[in-house]
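Mentor: Have a look at the model below. Start with one salt-bridge partner, then work outward.

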Amino acid sequence: MNRHAVCAVLLVLVFALAFPAVSGAEIQTQLPSYYSLLDFNFTSPGARATAVGGFANPAVYRMLPGGEVSYFWSDENAQLKSINRWGLFFGSEHLGFSALRSKGLDGSLGDVSVVDYRLSFSMGDRKSSVGLAYGWSSGDETAFARTRVIQAGMMRRFGRYLSLGLAGTFSTQRDDRIGLADVAVRPLGNDMLTIFGDGEMGRNTRLKDARWSAGAMAELVPGVCLTGRYFDDESFAFSLGFSFGSVGTAAGLRYDANSDFSHTIYGVRLGYNERNVFDTYLKKEKSYLAMELKGPMQYRRYRLFDDG
């Protein structure tokens, strides 16, 4: 079975399991929402392949051109000596691992926290990929209603202009599941402008109650990206990222539904060499002439005055 057949089979599986027929009574899933769990991802998973996006869709890892590790943290409700939310994300072309910590206050249990882990595998190529992941948690799992989960995802790029992603997360301990779909459009056929959107539906969630977001990312100069994103609850976010090649930094500002500033998200990255302004404009290009030296070399005489 070739990779296209594998993608088709997984696509049907994700739709069948993650988007079941909706019953008359809405039953909200207990699995954590992608939007509340992974606010460190400034775009939809398929808009830009990163190790962070692989937490939501394991097929993203195969889209990476090399390995990278990222660390993100939030200053939401943070104190001087304590960071309530942080995430560590590692990704390569086939494997991924993530750890995401969340901390909150529960009335009955007091100060509680949980760490969510994902171990992922992906295959395919940078045009079409599939991925599987296993997730588990440690800490106050009951307070955060965590369970062990299985993830299945696929990514498909249609030329330079369109990307489509689908992912399903399924609890292994109860009848809960949640599905995520995202699309990214590049009108210019490159990374200068990317328009993206995504949507999430839980088990038996009505279509009108589905979570969603939409936004755009513009590469102002090589390695400098500005992103804006709007969410269904009327909150929105802006972020700015800088790439220095194998090192990068990013910061994002979150605003609530009343347009009041909520918190800031910070991130650092190490990994494969990304496009950046220094290599593009400051680095001198070196070129070499490649010559095939196999076989004999024959002397060619000049037409005039050559006695050789």
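Trainee: What relative accessible area does R275 have?

Mentor: The model is predicted, with pLDDT of at least 70 needed for local features and 80 or more for side-chain atom pairs, while totals for chains, interfaces and linings use all residues. Numbering runs from 1 along each chain as its sequence is written, and side-chain values use heavy atoms, without hydrogens or water. R275 is partly exposed (buried is under 20%, exposed over 50%, partly exposed in between; 1.4 Å probe, protein chains only). Its relative accessible area is 43%.

Trainee: Which residue does R275 meet in a salt bridge?

Mentor: The closest N to O distance is 3.0 Å, so the pair passes the cut-off (Lys or Arg side-chain nitrogen within 4 Å of an Asp or Glu carboxyl oxygen). The partner of R275 is E219.

Trainee: How many residues apart are E219 and R275?

Mentor: E219 sits in strand β10 (residues 211-221) (strands are DSSP E runs of at least two, helices H or I runs of at least four, numbered from the N terminus). R275 lies in the loop between β14 and α3 (277-281). The pair links distant parts of the chain, with a separation of 56 residues.

Trainee: Why does E219 count as buried?

Mentor: R275 is partly exposed at 43%. E219 counts as buried because its relative accessible area is 12%.

Trainee: Which residues are joined into one network by salt bridges that share partners?

Mentor: E219 has its value of 12%. The network comes from salt bridges with shared partners. Its members are R48, E68, R269 and E274.

Trainee: How many salt bridges are there, by this rule?

Mentor: D39 and R85 make one of them, at 2.9 Å from N to O. R174 and D176 make another, at 2.4 Å. By this rule the count is 13.

Trainee: How far apart along the chain are D39 and R85, whose side chains meet at 2.9 Å?

Mentor: D39 and R85 form a salt bridge. D39 is in the loop between α2 and β1, and R85 is in strand β2 (residues 85-91). This pair, too, links distant parts of the chain, at 46 residues apart.

Trainee: Are D39 and R85 buried or exposed?

Mentor: D39 has 11% relative accessibility. R85 has 10%. Therefore D39 and R85 each count as buried.

Trainee: Which residue of the D176 and R174 pair is partly exposed?

Mentor: D176 is buried, because its relative accessible area is 11%. The partner reaches 27%, so the partly exposed one is R174.

Trainee: How much space lies in the largest cavity?

Mentor: There are 3 cavities of 30 Å³ or more (sets of points on a 1 Å grid over the protein atoms alone, joined across faces, edges and corners, where a 1.4 Å probe fits but cannot get out). Volume is the space filled by probe spheres set on the points. For the largest cavity that comes to about 390 Å³.

Trainee: Which residues come closest to the centre of the largest cavity?

Mentor: The largest cavity holds about 390 Å³. Its lining has 26 residues (an atom within 4 Å of a point). Closest to the centre are F42, R48, T50, F72 and A250.

Trainee: Which strand gives the most to the lining of the largest cavity?

Mentor: β1 (68-74), β11 (224-231), β12 (236-243), β13 (247-255) and β14 (261-271) each supply at least two lining residues. With 5 residues, the top contributor is β12.

Terms used:
On a 1 Å grid over the protein atoms alone, a cavity is a set of points where a 1.4 Å probe fits but cannot get out, and a pocket is an open set with protein on both sides within 12 Å along at least five of seven lines; lining residues have an atom within 4 Å of a point.
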